[in-house]
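The following account proceeds from the surface of a protein model to its interior. Please keep the sequence and the coordinates in view while reading.

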Amino acid sequence: MKYITIESRGDVALIGLNRPEKRNAISDAFVEELEVAINAAEASAKAGVIHGIGPHFCAGLDLAEHVKKTPFEGVHGSRRWHRVFDRMQRGRIPWVAALHGAVVGGGLELASSAHIRVADTTAFFALPEGQRGIFVGGGASVRSARLMGVARMTDMMLTGRSVDAATAERWNLVQYVVDEGKSLETAIALAGNAASNAEISNYAIINALPRIQDMSSDDGLFVESFIASFTATSPEAEERLNAFLTKKAGKVARPGEERG
Ligand code: 1HE
């Protein structure tokens, strides 16, 4: 593949955005390769990490390619991003985004499709679509807005505000902030933790939680009870519950302690 690297670390697949000379700007061919890479990762790994090669995570949409498109080609392009990012968000395995440098426009949309975001202190976040005369088209109005809230996203888009990693954490855009250069190794460790969970639990976590969030409380509780019962009666759950009861599985760790 030209724009994407794939590696594996045990049960974790690593997808690298690999167009550093253009700051990992996402062209049509790039997003298609990303889909192939996500499919390959799902077939071989229990969790995934997505990261940027070079000085930035991702500068968003390839503006040079976009400028030549007709309006209808633009719609198809946006729908392609939706399809590929949805494969990640509502697929079979959890994804952790390791962020550094620019996480802007479509780069933030891609990061918002992962399940956990880890930023190092060099990361900065912006939605410059307003300044470019366009609108978000890779899912930010749904995913990024749900993470940070509509008021903050509106502010970012109207004013061109760029926020640092600490602010992004306060805004719920990222879950972890780590020292410069540490986002990838932290993301791999977190993905490794997720990979050790029961597959059915991970599937329910990533597929059911965002859907239940979009339901009424009554519908959400009803759906939750079925998922809870379905997962709890799986052979893997029986094995894991018995492992704890017979002291073969670790206890819950206190914050800062190694997991048992
Ligand atoms: C690009 C792109 C790009 C860089 N499309 N070519 N995204 C943006 O509006 C962000 C635009 N990019 C930037 O503001 C800066 O490049 C960065 C802050 C990300 C990085 O700055 P820096 O100094 O490290 O790099 P640079 O010198 O600006 O860029 C290096 C090269 O990458 C340069 O090309 P060169 O041929 O002159 O070397 C840049 O033109 C090129 N480059 N970003 C194309 N985005 C589905 S809807 C989503 C809508 C959006 O994502 S809108 C936001 C688009």
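About 13700 Å² of the protein is exposed, and 56% of this area is supplied by carbon and sulfur atoms. The model under discussion is a predicted one. Its charged side chains comprise 29 positive and 31 negative groups, and the centres of these two sets lie 0 Å apart.

As for overall dimensions, the C-alpha atoms fill a box of roughly 65 × 40 × 35 Å when the principal axes are used as the frame. The radius of gyration is 19 Å; a compact globule of 260 residues would have a value near 18 Å, so the protein agrees with that expectation. The secondary structure consists of 12 helices and nine strands. Among contacts with a separation of 6 or more, 71% are made by residues 24 or more positions apart.

Turning to the interior, 44% of the 260 residues are buried. In soluble globular proteins, nonpolar side chains tend to be buried together. Here the largest nonpolar core contains 47 residues, and those with the most contacts inside it are L17, L34, L99, L110 and F125. Several elements each contribute at least two residues to this core: the strands β2 (12-17) and β4 (95-99), together with the helices α1 (28-44), α3 (71-89), α4 (106-113), α6 (143-148), α7 (150-159) and α8 (165-170). The largest share, six residues, comes from α1.

Which residues does L34 touch, once those up to four places away in sequence are set aside? They are I4, I15, L17, I50, V84, F85 and L110. Two of these partners, L17 and L110, are themselves listed with L34 among the residues with the most contacts inside the core. Separate from this core is a second one of 13 residues, which includes V12, V49, V96 and L190.

A final position to inspect is A97, which is found in strand β4. Is A97 buried or exposed? Its relative accessible area is 0%, and A97 is therefore buried, the cut-off for that class being under 20%. Leaving aside neighbours within four places in sequence, the residues in contact with A97 are I50, A111, A114, I116, R117 and V118. One of them, A114, lies 17 residues from A97 along the chain, and the C-alpha atoms of the two are separated by 5.9 Å. I50 appears in both environments described here, since I50 is in contact with A97 and is also touched by L34.

Definitions and conventions: Residues numbered from 1 in each chain as written. Predicted model: local features only at pLDDT ≥ 70, side-chain atom pairs only at ≥ 80, totals over all residues. Heavy atoms only, no water. Helix = DSSP H or I, 4+ residues; strand = E, 2+ residues; numbered from the N terminus. Rg over C-alpha atoms; globule rule 2.2 N^0.38 Å. Buried < 20%, exposed > 50% of the residue type's maximum accessible area, 1.4 Å probe, protein only. Contact = heavy atoms within 4.5 Å. Areas by Shrake-Rupley, 256 points an atom, 1.4 Å probe, with all protein chains shown as cover. Lys, Arg positive; Asp, Glu negative; His and termini not counted. Charge placed at Lys NZ, Arg CZ, Asp CG, Glu CD. Core = buried A, V, L, I, M, F, W, Y, C linked by side-chain atoms within 4.5 Å.
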